[in-house]
Every structure is written in structure tokens, then in C-alpha cells.
Amino acid sequence: MAIIALLDLKLKADVLDDAKVVLGRVLADTRAFDGCLGVDVLVDADDETHWIAYERWESAEADAKYREFRAGPGKTTELGPLLTGAPGLTKFTVADV
């Protein structure tokens with residue numbers, strides 16, 4: 001079953017240009033990861049420092065392998081200093097309604 005993951009990022013206002021570059025590099029790897037069906041970045045229309053990475057994964061297993069990669073050899077250290085706090089992660093399945 002497909003998984004939708006929302007990575008909620010709150011960025012420091014003075015680093016938005018840097019964040020675009022860093023996130024662009026990070027997401028190139030994410031999009032190429034086995035099982036990734038795509039990633040879009042949504043920017044809050046009322047707050048340009050609030051971004052959501054909308055990730056689509058072919059299965060919970062693919063998402064879990066990606067999270068394991070990011071916790072280990074694919075760990076990203078460049079993004080943390082650009083954030084105002086820890087990112088949030090919420091996962092969803094698509095309802096059949």
C-alpha cells in the first residue's frame with residue numbers, strides 16, 4: 001500500500017536561499033531512492049519559512065528503508081542549522097472512499 005509522508009519544516013527567515021540549495025541536493029537523492037514515487041515541496045502561501053515536503057512512497061517498506069538510509073549513511077547534516085526546530089514527520093495511507 002502506498003504511503004504519503006509529510007515532512008514539516010520551519011526555516012529561519014534569513015536562510016531561505018540556502019535552504020533551497022540544500023533541500024534541492026537532499027531531494028535529488030530522495031527522488032532517486034528505490035520506491036520513491038515523487039516529492040513536491042509546498043511553501044505556505046502566508047509564511048514563506050514554512051515548507052512541507054510531500055513524499056509519495058510505493059510502500060511502507062520502501063519508506064522505512066529510506067528513513068533507515070537517512071538515519072545512517074544518507075544522514076543530512078546541512079539542513080538542521082537552517083531550521084528553527086526539529087522537523088515533523090507524519091505518514092498517511094490513502095483511504096479507499
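Buried residues account for 34% of the 97 residues in the chain of this predicted model. The chain exposes about 6,000 Å², and carbon and sulfur atoms supply 55% of that area.

The overall dimensions come next. A compact globule with 97 residues would have a radius of gyration near 13 Å, and the chain, at 14 Å, agrees with this. Along the principal axes, the C-alpha atoms fill a box of roughly 40 × 35 × 20 Å.

Inside that box you will find 2 helices and 4 strands, and from the N terminus on they run β-α-β-β-α-β. How do contacts spread along the sequence? Among contacts between residues at least 6 apart in sequence, 70% join residues at least 24 apart.

Now to the charges. The chain carries 11 positive and 18 negative side chains, and the centres of the two sets lie 4 Å apart. Side chains of opposite charge can pair when their charged atoms come close. The structure holds 6 salt bridges, and the table shows three of them.

| Positive partner | Negative partner | N to O distance |
|---|---|---|
| lysine 10 | aspartate 47 | 2.2 Å |
| arginine 25 | glutamate 78 | 2.5 Å |
| arginine 67 | glutamate 55 | 2.5 Å |

Let us start with the salt bridge between lysine 10 and aspartate 47. Lysine 10 sits in strand 1 (residues 3–10), while aspartate 47 belongs to the loop between strand 2 (36–43) and strand 3 (50–57), so the pair ties together parts that are 37 residues apart in sequence. Lysine 10 has 35% relative accessibility and counts as partly exposed. Aspartate 47 is partly exposed too, with a relative accessible area of 24%.

In the second row, arginine 25 meets glutamate 78 in a salt bridge. This pair links distant parts of the chain, 53 residues apart: arginine 25 is in helix 1 (residues 16–32), and glutamate 78 is in the loop between helix 2 (60–71) and strand 4 (88–93). Arginine 25 is partly exposed, at a relative accessible area of 42%, and glutamate 78 is partly exposed at 41%.

The third row pairs arginine 67 with glutamate 55. Here the link runs between helix 2, home of arginine 67, and strand 3, home of glutamate 55, with the two residues 12 apart. Is glutamate 55 buried or exposed? At 2% relative accessibility, glutamate 55 counts as buried, because the cut-off for that class is under 20%.

Glutamate 55 and arginine 67 also have further company: Glu55, Asp63, Arg67 and Lys91 are linked in a network of salt bridges.

How values were computed. Residues are numbered from 1 along each chain as its sequence is written. This is a predicted model: local features need pLDDT of at least 70, side-chain atom pairs count only at pLDDT 80 or more; totals for chains, interfaces and linings use all residues. Side-chain values use heavy atoms; hydrogens and water are left out. A salt bridge is a side-chain nitrogen of Lys or Arg within 4 Å of a carboxyl oxygen of Asp or Glu. Buried means under 20% relative accessible area, exposed over 50%, partly exposed in between (1.4 Å probe, protein chains only). The radius of gyration is taken over C-alpha atoms; the globule rule is 2.2 Å times the number of residues to the power 0.38. Contact means heavy atoms within 4.5 Å. Accessible areas come from the Shrake-Rupley method with a 1.4 Å probe; for residues, only the protein chains shown count as cover. Lys and Arg count as positive and Asp and Glu as negative; His and the chain ends are not counted. The place of a charge is taken as NZ of Lys, CZ of Arg, CG of Asp or CD of Glu.
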